[in-house]
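Colleague: Hi, could you walk me through this one? I'd like to start wherever you think best.

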2 protein chains.
Amino acid sequence: MDIMENLQTRAAELSDLHNVMALMQWDQEVMLPVRASEERAQQFATMSGIVHRKEVDSALGELISKAESSDEGLSVTDRALIRKMRRNYDQSTKLPEEFVVEFSTLTSQSLPVWVEARKNNDFASFAPILTRMVEMSRQQAEYLGYEKEPYDALLDLYEEGLTAAKVRESFDALREPLRNMIAEAGSGKEVAQGLKAPFTVDEQVRFADQLLAMIGFDFDRGRQDRSAHPFSTGLGGNDQRVTNRYNPQSIEFIFSALHEGGHALYEQNVSADLARTPLGSGVSLGIHESQSRLWENIIGRSAPFWQYCYPTLRKSFPAQFSNMDIGDFMKMINAVQPGLIRVEADELSYNLHVLIRFELETALLDGDLQVADLPGAWNERYRDYLGVTVPTDSDGVLQDIHWAHGSFGYFPTYTIGNLCSAQIWHAYCLFDLDHERTIAHGDFDKIRQWLSQQIYQHGSVYQPHELMLRVTGEELNPDYFLRYLKQKFLA
Amino acid sequence: MDIMENLQTRAAELSDLHNVMALMQWDQEVMLPVRASEERAQQFATMSGIVHRKEVDSALGELISKAESSDEGLSVTDRALIRKMRRNYDQSTKLPEEFVVEFSTLTSQSLPVWVEARKNNDFASFAPILTRMVEMSRQQAEYLGYEKEPYDALLDLYEEGLTAAKVRESFDALREPLRNMIAEAGSGKEVAQGLKAPFTVDEQVRFADQLLAMIGFDFDRGRQDRSAHPFSTGLGGNDQRVTNRYNPQSIEFIFSALHEGGHALYEQNVSADLARTPLGSGVSLGIHESQSRLWENIIGRSAPFWQYCYPTLRKSFPAQFSNMDIGDFMKMINAVQPGLIRVEADELSYNLHVLIRFELETALLDGDLQVADLPGAWNERYRDYLGVTVPTDSDGVLQDIHWAHGSFGYFPTYTIGNLCSAQIWHAYCLFDLDHERTIAHGDFDKIRQWLSQQIYQHGSVYQPHELMLRVTGEELNPDYFLRYLKQKFLA
């Protein structure tokens with residue numbers, strides 16, 4: 001069919017170019033010489049301009065319209081391709097070019113201001129640019145369009161079909177139970193000690209490689225490197241790259257490896273038939289995060305996992321672990337200790353960090369909260385929900401990059417990911433009643449194969465909520481996550 | 001001036017895109033997961049197509065014509081930019097697209113056939129595709145145009161303004177003196193022994209980094225990595241990347257580091273004013289090679305260099321060198337021993353390897369030699385010029401990638417590089433009469449600064465022969481190289 005072929009050719013070209021830009025970004029984080037960042041930014045701007053012009057090309061729009069109106073005899077994948085290309089085209093064309101340039105300029109200006117403000121604990125210096133960022137995000141929502149609330153338009157950028165109402169409903173179900181569970185599980189201070197650092201970087205790298213190989217990361221189709229912050233990115237169907245960082249005082253690298261490894265497993269198992277199309281990678285941030293959190297937390301912090309893995313860890317780090325029994329190790333890696341920093345939070349308190357950000361950013365966008373009052377509102381909620389006193393804005397409202405980056409609507413996807421992970425895991429456990437033994441025997445192939453069949457292989461063919469329905473038989477339901485937490489932390 | 005600004009904007013965009021493609025190639029050689037090469041090739045084809053369409057855009061041609069006709073009030077750099085863009089435009093447009101596609105397809109087919117043929121010592125399996133490659137190269141020369149011989153058109157691709165006649169003249173001056181000197185310097189077999197391997201890779205890497213830093217490679221604007229074959233590439237004015245390989249049985253990595261380091265020093269010292277223009281990198285293969293060979297051989301294999309550097313080498317590899325005195329070391333690294341393989345050749349015999357290739361490829365293009373007769377002609381010349389018997393075509397006519405790649409006219413630039421290196425070094429020695437002391441004290445800044453001022457900073461503003469005239473007061477003259485060899489090997 002001629003129209004579909006044309007559409008696929010355009011999709012393939014755009015996919016190639018996006019993968020080239022992914023390479024440029026990966027290289028920037030992992031390899032770039034310090035003084036080359038300015039010229040790399042120019043190269044990136046040149047590429048973005050070329051890609052943008054292709055994405056908003058009216059001939060592409062016409063092609064998509066034609067494909068939409070000739071909806072007969074098309075496969076599920078064809079229809080998904082048309083839908084996805086329509087979505088991308090609309091997202092690209094709804095924002096006037098002038099606005100896109102102004103927003104991207106604001107972002108470039110904002111990031112260094114935020115870095116300085118955080119360094120100097122000086123929220124006031126960041127406030128004006130953040131105010132403008134809120135205004136522009138509101139404007140962005142108007143351009144993109146929404147049914148009920150402006151925030152819906154922003155959410156949809158990251159999680160197709162998600163609405164503020166649904167997020168609010170989930171958080172309403174989580175707020176009190178989480179606060180109560182944290183109070184009940186108590187502080188983990190007394191067990192979080194006893195780690196015999198340091199861990200040499202070489203040994204950490206070797207163990208992280210082993211972990212990735214163990215859960216099924218294919219090193220012939222990917223690699224692991226070092227960067228300032230761990231991340232995972234795809235440069236093509238056969239080129240999935242994860243990074244990690246190695247702090248000699250910490251074993252955080254283990255859970256970062258499993259987290260990024262989870263993202264990578266998803267991408268490495270997307271069907272090759274979807275390569276060079278916009279369907280060829282994971283469907284949304286939330287579903288993606290469900291996989292990183294599944295491997296990091298549900299599997300990676302479970303007793304059966306360490307039953308299998310602790311001997312290897314001890315062999316790799318005998319000086320550090322030969323005197324720690326597995327029970328103490330399990331307590332250490334699952335200690336509940338509400339704190340200031342989201343990315344260091346335990347499984348119980350993590351989503352309260354996200355909830356606070358959701359409440360604040362919706363209030364900012366609605367105009368119910370002024371930027372000047374943001375630090376106060378932040379600190380109040382941390383006291384209220386997590387029982388911690390925020391000593392400085394650097395460790396408070398300035399800790400995350402997202403708002404400085406103009407990414408309003410992004411935070412909820414972290415919690416959506418956690419909720420989905422538990423709901424999906426529940427479905428897996430119905431399939432594999434012996435799931436604890438499966439993990440304790442290191443039969444991760446079995447788990448990965450089920451996940452591939454149910455989720456990974458489909459790439460972006462199904463929308464997030466469709467996928468959840470297919471895999472778990474119901475739409476997003478926070479109960480599974482609460483049940484998982486109760487069983488793990490209060491049993 | 002509006003026309004010049006337009007031209008510069010186009011040049012900047014093309015420069016950015018070429019740098020992105022350089023990143024893709026670097027990554028391919030250094031980082032790419034084994035199973036990702038096919039998708040990377042597709043991405044590369046997509047990028048090449050986009051760049052090619054921009055390069056042959058008739059609006060660009062018109063802009064260049066306008067700039068050429070308004071040649072008043074232009075700076076030297078402006079005029080060089082126009083000239084260079086004309087040259088690139090003509091090279092891109094003279095070849096019909098059909099021809100370019102066919103040639104590039106032939107090259108992709110040819111490379112694996114050559115790899116197999118070399119592996120199996122089976123020239124006959126490579127002969128048909130090589131025959132076609134010769135035909136297409138002849139056709140290429142016709143499209144590109146030339147004054148005297150078709151070969152001139154191919155040479156000019158790599159070394160602007162160079163002609164077969166000039167190359168022939170140089171080789172005629174070298175042939176007999178080199179053969180005589182090799183006979184006189186005799187075989188180095190007895191001194192080439194005594195190396196106490198192995199050298200661990202980590203130690204080699206550390207020493208190679210030290211060497212690069214010593215000669216002035218700026219690690220804030222570049223990096224060194226590993227690859228199957230050492231190379232040097234630029235991803236932008238502030239991003240020069242060199243690679244090396246580390247054989248535990250050999251110290252070859254030292255000279256590879258200096259060789260690639262020489263290429264990189266050239267690029268790192270091009271004036272920042274030329275960034276994002278086609279003038280912003282080294283002017284030609286020959287001049288580039290003169291710098292790699294200058295640092296590798298003229299400086300890097302000299303007595304004063306090791307007077308400075310041997311203590312560091314000994315400290316880095318005490319077990320290997322504490323019992324070897326510096327005299328034996330110097331004999332070892334300068335042993336004259338005619339052999340089969342170009343890339344392993346000593347300074348005396350190296351250019352005879354190139355000469356043989358030049359004689360054969362011109363004969364092929366002129367139709368004086370048939371591909372079927374190539375191995376015989378190759379072996380005969382190796383016996384005649386170098387006194388060695390070629391046991392297999394794998395170690396003979398199949399050893400180099402160039403012909404399989406369709407790069408006829410490339411080989412002579414290696415010798416041009418050697419000739420230029422000696423001629424330029426002679427000019428340096430007139431400037432710095434104490435040059436041996438300069439090296440022996442490790443004052444490489446002084447040398448690099450002179451080279452930067454004379455050569456590096458100018459990028460491609462001057463044509464190769466103009467540059468030689470400016471720096472040395474005369475055009476290419478092989479006498480300097482012969483004098484250098486005599487003094488070094490027969491004194």
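**Strands and interface**

Modeller: Happy to! This is a predicted model. In chain A, strands β1(A) and β3(A), the latter covering residues 240-244, pair in the parallel sense over 5 bridges.

Colleague: Nice. Which residue stands opposite Arg223(A) in β3(A)?

Modeller: That would be Arg241(A).

Colleague: And how many of the residues of strand β1 of chain A are buried?

Modeller: 4 of its 5 residues, so to speak, are buried, and the strand, residues 222-226, is mostly covered.

Colleague: Changing topic: how many residues are in contact between chain B and chain A?

Modeller: 38 residues of chain B touch 38 residues of chain A. The two chains bury about 3,000 Å² between them, and carbon and sulfur atoms give 55% of that.

Colleague: Which residues in chain B lose the most area to chain A?

Modeller: Met31(B), Arg35(B) and Gln43(B), which together make up 17% of what that side buries.

Colleague: What about salt bridges between chain B and chain A, how many are there?

Modeller: The count is 8. One pairing is Asp27(A) with Arg241(B), whose side chains meet at 2.8 Å, N to O. There are also 18 residue pairs in polar contact across the interface, both partners at pLDDT 80 or more.

Colleague: Which elements of chain B give two or more residues to that side?

Modeller: α1 (2-30), α2 (37-55) and β1 (222-226) of chain B. α1(B) gives the most, with 10 residues.

Colleague: And by class, what does the side of chain B that touches chain A have?

Modeller: 15 nonpolar, 8 polar and 15 charged residues.

Methods. Residues are numbered from 1 along each chain as its sequence is written. Chains are lettered from A and ligands numbered from 1 in the order in which they are written. This is a predicted model: local features need pLDDT of at least 70, side-chain atom pairs count only at pLDDT 80 or more; totals for chains, interfaces and linings use all residues. Side-chain values use heavy atoms; hydrogens and water are left out. Contact means heavy atoms within 4.5 Å. Buried area is the accessible area (1.4 Å probe) that two parts lose on being put together, summed over both. A salt bridge is a side-chain nitrogen of Lys or Arg within 4 Å of a carboxyl oxygen of Asp or Glu. A polar contact is a pair of N or O atoms within 3.5 Å; within protein, one must be able to donate a hydrogen and the other to accept it, and residues adjacent in sequence count only if both atoms are side-chain atoms. Ala, Val, Leu, Ile, Met, Phe, Trp, Tyr, Cys and Pro count as nonpolar, Asp, Glu, Lys and Arg as charged, and the others, Gly among them, as polar. Buried means under 20% relative accessible area, exposed over 50%, partly exposed in between (1.4 Å probe, protein chains only). Two strands pair if DSSP finds at least two bridges between them.
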